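Visitor: I am new to this. Please show me how the descriptive words are earned.

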Amino acid sequence: MVQCIAEPLSRKDIQNFAMAVRFLVGKENDPYFDIVRFLDIDLPKLDPDFSLVIEDKDTLGECHGLTYPDRDEIHIRSDVYERADNGSGRDRFTMAHELFHLLRHVKENISYARTEEGANVPNYRLPEWQADAFGGELLMPAHLISDMTVEEIMKKCRVSQSAAVCQLSKTRRVRK
């Protein structure tokens with residue numbers, strides 16, 4: 001079985017990377033990170049070669065987003081983009097997830113490895129785990145949410161309940 005394996009990153013590494021992204025736009029202490037604005041306006045200013053491509057559902061099908069780091073592009077399904085722009089936590093998370101693939105999963109950081117059926121690759125080497133961890137850290141920074149309730153995180157960070165519960169449990173685990 002061939003599997004994608006990424007350069008190893010700890011949750012702390014990912015937290016630091018998310019904070020660096022927030023720092024670029026002066027949002028390191030703001031609970032709400034406007035990922036739609038970041039991809040629409042801020043990132044193209046920082047990287048003029050970047051393109052956010054909005055695709056219709058017929059083109060992307062069941063896929064909510066795709067990232068092409070070699071082309072400096074993120075493709076987001078139009079309904080996902082519209083819901084994210086209207087504040088849907090799940091769809092905002094999808095966009096943050098794709099941003100990580102763009103920024104970190106270039107050819108130099110990804111390899112393909114042959115693994116035996118059922119072989120365990122540690123999470124910190126899995127590109128999808130890394131992108132999910134980044135989405136949580138970007139939208140719900142540990143230093144801002146550690147003393148919040150799930151409801152406060154949902155309201156202040158504008159995320160889904162499941163994302164708030166998951167991130168809060170990871171935040172408290174990392175701090176110990």
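Guide: Start with pairing. Two strands pair if DSSP finds at least two bridges between them. Keep in mind that this is a predicted model.

Visitor: What makes strand 3 and strand 4 a pair?

Guide: The cut-off is at least two bridges. Strand 3 and strand 4 (residues 73–77) have four bridges. They therefore pair, and the sense is antiparallel.

Visitor: Which residue in strand 4 stands opposite Gly65?

Guide: Ile76 does.

Visitor: What is the order of the strands in the open sheet?

Guide: Three strands form the sheet, in the order 2-4-3. The pairing is mixed. From one strand to the next, the twist averages 15°.

Visitor: Why are strand 2 and strand 3 called edge strands?

Guide: Strand 2 (51–55) pairs on one side only, and so does strand 3 (65–68).

Visitor: Now the helices. Why are helix 1 and helix 6 called oblique to each other?

Guide: Helix 1 (residues 11–24) and helix 6 (residues 127–139) pack at about 50°. Roughly parallel means under 35 degrees, and roughly perpendicular means 65 to 115. The angle fits neither range, so the two helices are oblique to each other. Their axes are 9 Å apart, and the crossing is right-handed.

Visitor: Which residues of helix 1 and helix 6 meet?

Guide: Helix 1 brings residues including Ile14, Phe17 and Arg22. Helix 6 brings, among them, Trp129, Phe134 and Glu137. By class, this contact has nine nonpolar, two polar and three charged residues.

Notes. Residues are numbered from 1 along each chain as its sequence is written. This is a predicted model: local features need pLDDT of at least 70, side-chain atom pairs count only at pLDDT 80 or more; totals for chains, interfaces and linings use all residues. Side-chain values use heavy atoms; hydrogens and water are left out. Axes are lines fitted to C-alpha atoms, for helices over the stretch in contact, and angles run from 0 to 180 degrees between N-to-C directions. Angles under 35 degrees count as roughly parallel, over 145 as roughly antiparallel, 65 to 115 as roughly perpendicular and the rest as oblique. A crossing is left-handed if the near helix is turned anticlockwise from the far one by less than a right angle, and right-handed if clockwise. Contact means heavy atoms within 4.5 Å. Ala, Val, Leu, Ile, Met, Phe, Trp, Tyr, Cys and Pro count as nonpolar, Asp, Glu, Lys and Arg as charged, and the others, Gly among them, as polar.
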